[in-house]
Protein chains: 2
Amino acid sequence: MEQMNANPFHGFQLVAVSSSKRMLISTKDTCLKPVAWKDALNASETPVDFSAVQSTLRELAEQGETAVFIDNTSSQAVAEMYPGLLDAGIAVVTPNKKAFSGEVALYQGIVLADAKRGKYLYESTVGAGLPIISTLKDLVETGDKVLKIEGVFSGTMSYIFNNFSAVEGSNESFSSIVKVARAQGYTEPNPADDLNGADVARKLTILARIIPEMKDEQGNFPLLHGYRSVETTSLIQDAPSSAVSNGDEFMKWLPEQDTHFAQMREQAAGEGSVLRYVGVVDVKNKIVKAELAKYPKTHPFATSLGGSDNIIMFHTERYGKRPLIIQGAGAGNDVTAMGVMSDVLKLMRP
Amino acid sequence: MEQMNANPFHGFQLVAVSSSKRMLISTKDTCLKPVAWKDALNASETPVDFSAVQSTLRELAEQGETAVFIDNTSSQAVAEMYPGLLDAGIAVVTPNKKAFSGEVALYQGIVLADAKRGKYLYESTVGAGLPIISTLKDLVETGDKVLKIEGVFSGTMSYIFNNFSAVEGSNESFSSIVKVARAQGYTEPNPADDLNGADVARKLTILARIIPEMKDEQGNFPLLHGYRSVETTSLIQDAPSSAVSNGDEFMKWLPEQDTHFAQMREQAAGEGSVLRYVGVVDVKNKIVKAELAKYPKTHPFATSLGGSDNIIMFHTERYGKRPLIIQGAGAGNDVTAMGVMSDVLKLMRP
C-alpha cells in the first residue's frame with residue numbers, strides 16, 4: 001500500500017481492501033484512498049464479502065478496465081477463488097504459494113489458456129522481489145532448455161546455515177542460532193514451519209511446473225502432484241507433535257538436536273565444505289528435492305551468500321558452462337510488496 | 001531467427017528481413033517464412049528500402065496488429081529511425097546501444113510518453129539475455145531508491161581480467177591473454193574497441209538514464225549527455241592511431257604494455273586484491289565511471305566471476321544491507337537473441 005501511495009501517477013483506483021474479518025469497499029458514490037486505509041479498515045463495520053468484491057471487479061473488467069485481485073494472504077480458501085476470478089476476466093496477483101504449489105487440479109484451473117480470461121502473475125511467490133519466475137519463463141518461452149535449477153530458496157534457512165556453517169567456521173549451537181533468528185522475526189512464529197522444508201518444496205513445485213520437460217504427454221506433472229511430491233528432507237523429523245504445534249515447545253525441544261547438527265557441521269568442515277539447505281529441480285534426471293547438502297567453501301552458495309539472501313542458479317543449454325545467477329533478499333515486507341507491485345504494473349501497462 | 005522457428009506457436013508473421021545490402025519483404029500475395037531466410041536473403045535482388053518496410057509495418061499497426069521493428073545492427077543511422085517508427089505506432093526492439101547511450105536528444109525523442117506511440121524494449125543492450133534493464137525498471141517504478149549500481153558489464157573485459165588477474169594468481173602476460181580472447185572471438189576484430197572502455201560507458205549511460213535521481217528539474221541528464229560524459233578509463237590511451245584503427249597493428253603494439261599491466265597486477269596482489277574492469281553508477285555522489293579497479297579476493301567480483309560472465313549489483317534502499325545481484329553470460333549470439341526474443345514476446349502478450 002505504501003508503494004501504491006508513493007506512485008500516485010500510476011493511476012490506480014482502489015476498489016476494496018479486506019482483512020480476514022472486515023473490509024472496505026467503494027460504491028458508486030464513494031472511492032477509497034490508499035493513504036488512510038489501515039485506520040479505516042480497523043474502524044470498518046462491513047463484514048468480509050468476497051462476492052461483492054468480485055462483482056465490483058467483474059463490472060470493471062466488463063467495461064474494459066484492468067481489474068486486479070491482489071491476494072496477500074496465505075489462505076487456501078482464497079487461492080481456490082482464482083479460477084472463478086480469472087473466468088470473470090479479473091486478473092490475479094499474489095505472493096500466496098498455495099494455488100501454484102498445491103493440488104495439480106487447482107493449478108490447471110488457473111493456467112487454462114483463454115484470451116478472454118484474466119491474467120495471473122505470481123512473481124513474489126519465489127524470491128519475493130527477485131526476478132525468478134519471469135526469468136524462468138523468459139528462458140522457456142524463448143526456447144532455451146532448462147537442465148537444472150539449484151538454489152537457496154528460503155531466507156530463513158539461508159540465515160540459519162550462513163551463520164551455523166560459515167565459511168570462516170562457527171561454533172554456535174544450532175538451537176541458539178534459530179533462537180536469534182526467531183527473535184529477529186526471520187522465522188515463522190514456530191520455526192518448525194521453516195525447518196520442515198515445506199516452504200522450499202512449495203517453491204520448487206512452482207518453478208518446476210513452468211518447465212515443459214516436467215510435463216507428461218497428457219499435460220500432467222508426474223512428479224509434481226503437489227508440493228508433497230517433492231523429496232523433502234525435514235530437519236525436524238524427530239520432533240514430538242507438541243513441538244510441531246507450538247513454537248515455544250519447539251524451542252524447548254530443539255537443543256536436543258544440537259549434537260546432531262554439530263556433527264554434520266564438523267563432517268562438512270572436514271571435507272572443506274559448508275552446509276546449505278537447498279532446493280534442486282534436476283530436469284534431466286527428473287528429480288525435485290529439498291535437502292541439506294554440503295557445498296565446497298569455494299562454491300557461490302558458500303562464498304557469495306550472506307544474511308538471509310536467496311540465490312538461484314539456472315543451468316540451461318544457453319547458460320551452459322556457467323549458470324545464470326540471481327541473488328538477493330528473498331523475504332521481507334518491502335521486497336515482497338515490490339514483487340506484487342511490479343506484477344500489478346505489468347498488468348497495467350497499455 | 002532460430003528462436004522464432006523453435007516457437008511457431010507464438011504466431012509471428014515475418015514481414016521483412018534486411019541486411020545492410022539486400023532485403024526480403026512480404027507482399028499482399030506472398031509471406032516470408034523464417035526457416036530459409038538466410039539463403040533467400042542472399043539470393044534477393046531487392047535493395048534495402050526502409051520506407052517500404054516502415055509503410056508495411058505502419059499499415060499493420062493501423063489495423064491494430066502488434067508491429068515490431070527489430071534492429072539487430074549497431075548502426076547509428078538505424079537508431080535514428082526509432083522516433084519516426086514509434087510515432088507511426090510501430091514498436092522497436094533492439095540490442096543496439098546507440099540510441100540509448102548517444103546524444104540525449106535522440107534518447108528523449110524515443111522515451112516521449114504517448115499512449116498512441118509504439119513501445120520500445122532494449123533489454124539486450126545490457127547483459128544480453130540477463131534481466132538487467134527490466135529489474136532496474138521494476139525497482140524504480142515500484143518506488144525503490146537506487147543508491148549504486150556496480151558491475152562487470154563487458155564480457156570481453158571480464159574474460160581478460162578473470163584470466164589475467166585470477167584469485168589463485170596468474171603469470172601470463174596481458175597481451176597473450178588478449179591474443180587468446182581475440183582468437184576465440186571474445187573481442188571485437190580490433191580489441192582496441194573493447195579495451196577503450198566505450199562499451200561499458202554506453203551500458204552505464206543506458207542504465208543511469210533510467211534512474212530518476214540522475215535527471216535534473218528540466219528532465220535533462222547533466223552527467224549523461226552521451227556516453228562520452230562517463231568518466232572512462234581507457235586501457236589503451238597510449239596506443240598510436242595506427243593501432244587504434246587496425247586490429248593486427250594493435251596486436252603488434254600491445255606487448256609494449258605488458259610491463260605496465262603486470263605491475264598493476266602485482267600491486268593488487270600485494271594488497272590481497274584482483275583487477276576488474278568495472279562500471280559504477282553512484283547515484284548519491286552523482287558519479288558515473290568505467291575504470292580498472294582493485295577488489296579484495298573475497299569480493300564476488302573475484303570469487304564468483306568466471307568465463308566472460310557479467311555481474312551486476314544493485315544497491316538500493318530496499319536491498320540495503322546486501323545488494324540484488326544478477327550474473328551470467330553477458331554476450332554471445334544465443335543469449336543476445338534471447339533478450340531480443342523475450343522483448344518481442346512481451347509486446348505480443350495479449
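Is Val146(A) buried or exposed? In this predicted model, Val146(A) has a relative accessible area of 4%. Because buried residues are those under 20%, Val146(A) counts as buried. The residue is found in strand E6 of chain A, which covers residues 146-152. When neighbours within four places in sequence are set aside, Val146(A) is in contact with Leu136(A), Val140(A), Ile211(A), Val283(A), His315(A) and Thr316(A). Arg318(A) lies 172 residues from Val146(A) in sequence, yet the C-alpha atoms of the two are 8.7 Å apart in space.

Strand E6(A) belongs to an open sheet of 12 strands with mixed pairing. The strands from chain A follow the order E7(A)-E9(A)-E8(A)-E6(A)-E10(A)-E11(A), and the order continues in chain B as E11(B)-E10(B)-E6(B)-E8(B)-E9(B)-E7(B). The edges are formed by strand E7 (231-232) of chain A and strand E7 (231-232) of chain B; each has a single partner strand, so one side of each is left without a neighbour in the sheet.

At the chain B edge, E7(B) runs parallel to strand E9 of chain B (residues 287-296), and two bridges join them. Glu231(B) has Lys289(B) in E9(B) as its bridge partner.

A helix lies across strands of the sheet in each chain. In chain A, helix H15 (residues 258-270) lies across strand E8 (273-282) and strand E9 (287-296), and runs at about 90° to E8(A). In chain B, helix H15 (residues 258-270) lies across strand E8 (273-282) and E9, and its direction is at about 90° to E8(B).

Key:
Residues numbered from 1 in each chain as written. Chains lettered and ligands numbered in written order. Predicted model: local features only at pLDDT ≥ 70, side-chain atom pairs only at ≥ 80, totals over all residues. Heavy atoms only, no water. Pairing = 2+ DSSP bridges. Helix = DSSP H or I, 4+ residues; strand = E, 2+ residues; numbered from the N terminus. Contact = heavy atoms within 4.5 Å. Axes fitted to C-alpha atoms, helices over the stretch in contact; angles between N-to-C directions. Buried < 20%, exposed > 50% of the residue type's maximum accessible area, 1.4 Å probe, protein only.
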